[in-house]
Amino acid sequence: MLFDLDALPTASRYKLLTATVVPRPIAWVVTQDAAGVRNAAPYSFFNVFGSDPPIIGLGVGNRPSGLPKDTMANILATGEFTICLVTEATLPGMNITAADFPAGVDEIAQASLATLPSTKVAPPRLADSPVAMECTLFQTVTLGASHSLVLGQVRAMHVRDEAVMDVERCYIDSPALGLVGRMHGAGWYARLDDRLEVKRVSAAQLAAKAEG
Ligand SMILES: Cc1cc2nc3c(=O)[nH]c(=O)nc-3n(C[C@H](O)[C@H](O)[C@H](O)COP(=O)(O)O)c2cc1C
């Protein structure tokens with residue numbers, strides 16, 4: 001089936017993209033407004049885009065009214081945020097923070113989430129997340145009428161001790177993090193405990209194999 005995204009309405013494009021680009025990692029973004037009121041919300045338009053400098057990206061939509069979501073407004077106001085990664089155990093709390101609370105409501109209190117202080121940015125991190133990234137705003141890119149791309153520079157990372165295999169080499173036991181990914185629809189997620197390994201090959205190895 002061919003879908004012509006140039007001809008489809010925005011809602012249909014959204015459905016096609018979000019039902020096929022799966023599973024997506026989830027950034028649970030913690031921000032503060034200029035008065036220090038804390039905010040948390042999940043964003044699955046999220047990935048890593050570079051390591052020198054270390055850059056992550058978030059696709060943040062506007063509210064239906066056209067006004068920016070609190071996460072976007074707070075990042076633009078303060079230039080700081082933390083990204084906490086999501087496990088099955090933290091999904092219920094994450095889901096509460098996805099509700100459309102008005103600006104000025106402490107969503108971390110609404111979801112009864114425990115926090116720990118960050119070291120380089122003002123927004124705290126969520127204590128039950130196995131990974132937290134302290135970020136500063138690197139750049140924003142307006143993506144048409146509906147979304148903006150927020151690029152953030154990761155200044156520090158906290159990784160749960162049990163998942164750190166070798167601190168000197170920065171070896172992390174990824175499966176031990178217990179992260180979940182976002183799937184299709186409004187409420188589907190995936191556990192990441194069914195893996196397969198495919199070893200990388202070089203062009204030279206492939207050429208040698210072809211020669212027999
Ligand atoms: C798992 C999950 C992922 C989400 N990903 C995004 C996203 O990538 N971009 C977005 O604009 N909204 C996303 N949302 C919706 C926001 O979390 C929701 O609009 C929230 O109320 C925004 O809160 P804020 O105004 O405090 O930033 C997602 C919701 C869920 C449950």
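This report covers the ligand site and the strand pairing of a predicted model.

## Basis

Local features need pLDDT of at least 70 and side-chain atom pairs count only at pLDDT 80 or more, while totals for chains, interfaces and linings use all residues. Residues are numbered from 1 along each chain as its sequence is written, and side-chain values use heavy atoms, leaving out hydrogens and water.

## Ligand shell

The ligand has 20 residues around it, each with a heavy atom within 4 Å. Tyr-43, Phe-45, Gly-61, Lys-69 and Thr-71 come nearest. By class, the shell holds 9 nonpolar, 5 polar and 6 charged residues. Here Ala, Val, Leu, Ile, Met, Phe, Trp, Tyr, Cys and Pro count as nonpolar, Asp, Glu, Lys and Arg as charged, and the others, Gly among them, as polar.

β2 (38-43), β4 (54-61) and α2 (70-78) each supply at least two shell residues. β2 gives the largest share, 4 residues. Helices (H or I, at least four residues) and strands (E, at least two) are DSSP runs, numbered from the N terminus.

## Polar contacts and burial

Polar contacts here are pairs of N or O atoms within 3.5 Å. A polar backbone atom of Pro-42 is 2.8 Å from a ligand oxygen. For a backbone N or O atom of Ala-99, the distance to a ligand oxygen is 3.4 Å. Glu-107 places a polar side-chain atom 3.3 Å from a ligand oxygen. The protein buries 89% of the 640 Å² that the ligand exposes when taken alone (Shrake-Rupley method, 1.4 Å probe).

## Strand pairing

Strands pair if DSSP finds at least two bridges between them. β5 (residues 80-85) runs antiparallel to β8 (residues 131-143), with 5 bridges. Phe-81 has Cys-135 of β8 as its bridge partner.

β8 also pairs with β9 (residues 147-159), antiparallel, over 12 bridges. Thr-140 is matched there with Val-150 of β9. The two strands, β8 and β9, form a hairpin with 3 residues between them. In the turn, Gly-144 has a positive phi of about 70°.

How values were computed: Polar contact = N/O pair within 3.5 Å; in protein donor to acceptor, adjacent residues only side chain to side chain.
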